[in-house]
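Let's take a walk through this two-chain model together. Please have the structure open as you read.

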Amino acid sequence: MSAPLAETLTQLRVGNQKFLIDFYQRSRHLFSRWAQRQHRLAPAQAHGLLQDTLLDFYDQVADGRITKMPDDLRAFIYGMAQQRLAAQVPAHVPLPAAEAGRRQRLLAQFNQLGADCQQVLTYFYFRGYHFEKMGGKMGFPNATVARLQKSACLRKLYELLK
Amino acid sequence: MSPQTPPRPDLRPYFDELERFADGQMTPAEQEAFELRLEQEEDLADAHAAYEQLTADLRWAAGHDTLRLRLQALDERMNERGTALARVEQLNQRRQRRWTVLGTLGALLLLAVGAAAWYFTRPSPARPARSWEAYYQPDPGPVVTPALLHARPLLSEALDQYQSGHYPAALHSLGRVSPTSVGNDTLLYLRGLILLRQGQGNAAQLYLRRVSDENATSELTRRARYHLGMAYWQAKELAPALTELRAVAADSLNPYRASARRAVAAGVLEGK
């Protein structure tokens, strides 16, 4: 964690997820031991729980439910995991949230799209690539093809939502 | 699924324009005109807001999915690494165990070889030498002096060959010596000695026995008894060998008494 904590949240909001990836890498083993001791979870289940909890954390940062970096991040994440277990949320399902319905629907439909469409939309809307760079990444002949492709995918997603 | 969500404006009629506007694909003039319409047309403004919400949600969904996939990939990598490390650890342990076993076996083998080498090479008082040669005290015969050489040249030649180890030649030379000039006993004795040294214990016995039988008290007889005993021994006839050597050991005048005593005391002859 080289960046100051406040900056980390901003980074996370604009799509830099390295901080969470690092956290997972660093804490997986300890978390798994904790989960086994406290909740008798098998290692694989514990790993899944930590992944889901970090996704929850990301969602809450992204939609503004978390605006300030917790002082003790480790305790905060462990607390979230405990809540998840207490509420008996099944694995790989995000926590219910106020806005969740609309977004979850969109996420479900997004996952229905083909792999290429998901990639194109991720490059454009999440990574913020311009059409030229996206074309290069996807192997399209030029930026216009990339633009048309992205447009077609966005429409397809919208039609699925309707 | 959508009862809770408020009715949303249909974006389809405006999709092209909204997308071009949002993606910065309009010319400045088009953009200005579109912004003006946004202020005036309520439907378009609603559609724009809905479009913005859609793309914001999409940004979130794409980020969420990316994080999910990245965490999954990392998890798999960490699992693989854990498995690989465990395998390496297991291999190391197995190799270490194998080396320990091999080392122990090697050490045991070395110890066994060392023990065997010590056992077979030790000068053991508990296991006296079994060979007759270990106890035999040879008789070199009389010294060849110039006087002897002059008086009995053939005998001197035979003695010389015997003393230098040429036994067949010595026997041959001895055959040419006349018994009248030397004495029958001496010839028999020497022949027996040479045959004994040549390893023909059986043949040696014949001559030595004749010497020892003839005159029981002479010096030559005493010597012959000792060599006869040794000849028996060499021919593996241990009982007569023991009898002869015991007699020699008991005879205080016999020059070979000490040697015979040693052979009897070793107890090798009583073994069988």
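The sections below go from confidence to fold, cores, interface and a few local details.

## How far to trust the model

This is a predicted model, and it scores ipTM 0.83 and pTM 0.56. For chain B the mean pLDDT is 86, with 93% of the residues at 70 or more. Within that chain, helix 3 (residues 42-121) has the highest confidence, at a mean of 93, while helix 7 (residues 179-182) has the lowest, at 77.

Please be careful with residues 1-5 of chain B, where the pLDDT is below 50. Beyond near neighbours in sequence, this stretch has four contacts in the model. Where pLDDT is low, the predicted coordinates should not be read in detail.

## The fold of chain B

Chain B is built from 12 helices and has zero strands. Of its 272 residues, 25% are buried. Among its contacts with a separation of 6 or more, 45% join residues that are 24 or more positions apart.

UniProt, in an unreviewed entry, lists residues 99-120 of chain B as a "transmembrane region". In the model this span is 100% helix and 0% strand, and its end C-alpha atoms lie 31 Å apart.

## Two nonpolar cores

Which residues touch the most other members of the largest nonpolar core? They are A:Leu50, A:Leu54, A:Tyr58, A:Leu121, B:Leu58 and B:Ala61, in a core of 45 residues. Chain A gives two or more residues to this core from each of helix 2, helix 3, helix 4 (73-86), helix 5 (100-112), helix 6 (115-127), helix 7 (131-138) and helix 8 (143-161), and helix 3 of chain B does so too. Leaving aside residues up to four places away in sequence, A:Leu50 touches A:Tyr24, A:Arg28, A:Phe31 and A:Ala81.

Apart from this core lies another one, of 38 residues. Its members include B:Leu155, B:Tyr189, B:Leu190 and B:Val248.

## Where the chains meet

At the interface, 25 residues of chain B are in contact with 30 residues of chain A. On the chain B side, helix 1 (15-22) and helix 3 are the elements that give two or more residues. Helix 3 of chain B provides the largest share, 19 residues.

What classes of residue make up the side of chain B that touches chain A? There are 12 nonpolar, six polar and seven charged residues.

## Helix 7 of chain A

The buried residues of this helix are A:Phe131, A:Met134 and A:Gly135. They lie on the same side of helix 7 of chain A, because they cover an arc of only 105 degrees around the axis. Helix 6 and helix 8 of chain A are included in what covers them.

After helix 7 of chain A comes A:Gly139, which has a positive phi near 80 degrees.

## Positive phi in two loops

Most residues other than glycine have a negative phi. A:Arg40 has a positive phi near 55 degrees, and this residue is not a glycine. You will find A:Arg40 in the loop between helix 2 (18-39) and helix 3 (43-62) of chain A. Is A:Arg40 buried or exposed? With 9 other C-beta atoms within 10 Å, A:Arg40 is exposed, since that class takes 12 or fewer.

In chain B, B:Lys236 has a positive phi of about 65 degrees, although it is not a glycine. B:Lys236 sits in the loop between helix 10 (219-234) and helix 11 (238-250) of chain B. B:Lys236 is exposed, because its count of other C-beta atoms within 10 Å is 11.

## Two pairs across the sequence

B:Asp10 belongs to the segment before helix 1 of chain B. B:Asp10 counts as partly exposed because it has 14 C-beta neighbours inside 10 Å. Its C-alpha lies 6.9 Å from that of B:Ala47, and 37 residues separate B:Asp10 and B:Ala47 in sequence.

B:Arg210 is placed in helix 9 (residues 201-214) of chain B. B:Arg210 has 17 C-beta neighbours inside 10 Å, so this residue counts as partly exposed. B:Arg210 and B:Leu188 are 22 residues apart along the chain, and 7.5 Å separates their C-alpha atoms.

Note on methods
Residues are numbered from 1 along each chain as its sequence is written. Chains are lettered from A and ligands numbered from 1 in the order in which they are written. This is a predicted model: local features need pLDDT of at least 70, side-chain atom pairs count only at pLDDT 80 or more; totals for chains, interfaces and linings use all residues. pLDDT is the predictor's confidence in each residue, from 0 to 100. Helices (H or I, at least four residues) and strands (E, at least two) are DSSP runs, numbered from the N terminus. Two residues are in contact if their C-beta atoms, placed from the backbone, lie within 7 Å. A residue is buried if 20 or more other C-beta atoms lie within 10 Å of its own, exposed if 12 or fewer, and partly exposed in between; C-beta atoms are placed from the backbone. UniProt positions are given in the numbering used here, feature names are shortened, and annotations may be inferred rather than shown by experiment. A nonpolar core is a set of buried Ala, Val, Leu, Ile, Met, Phe, Trp, Tyr and Cys residues joined through C-beta atoms within 7 Å. Ala, Val, Leu, Ile, Met, Phe, Trp, Tyr, Cys and Pro count as nonpolar, Asp, Glu, Lys and Arg as charged, and the others, Gly among them, as polar. The arc is that of the directions from the helix axis to the C-beta atoms.
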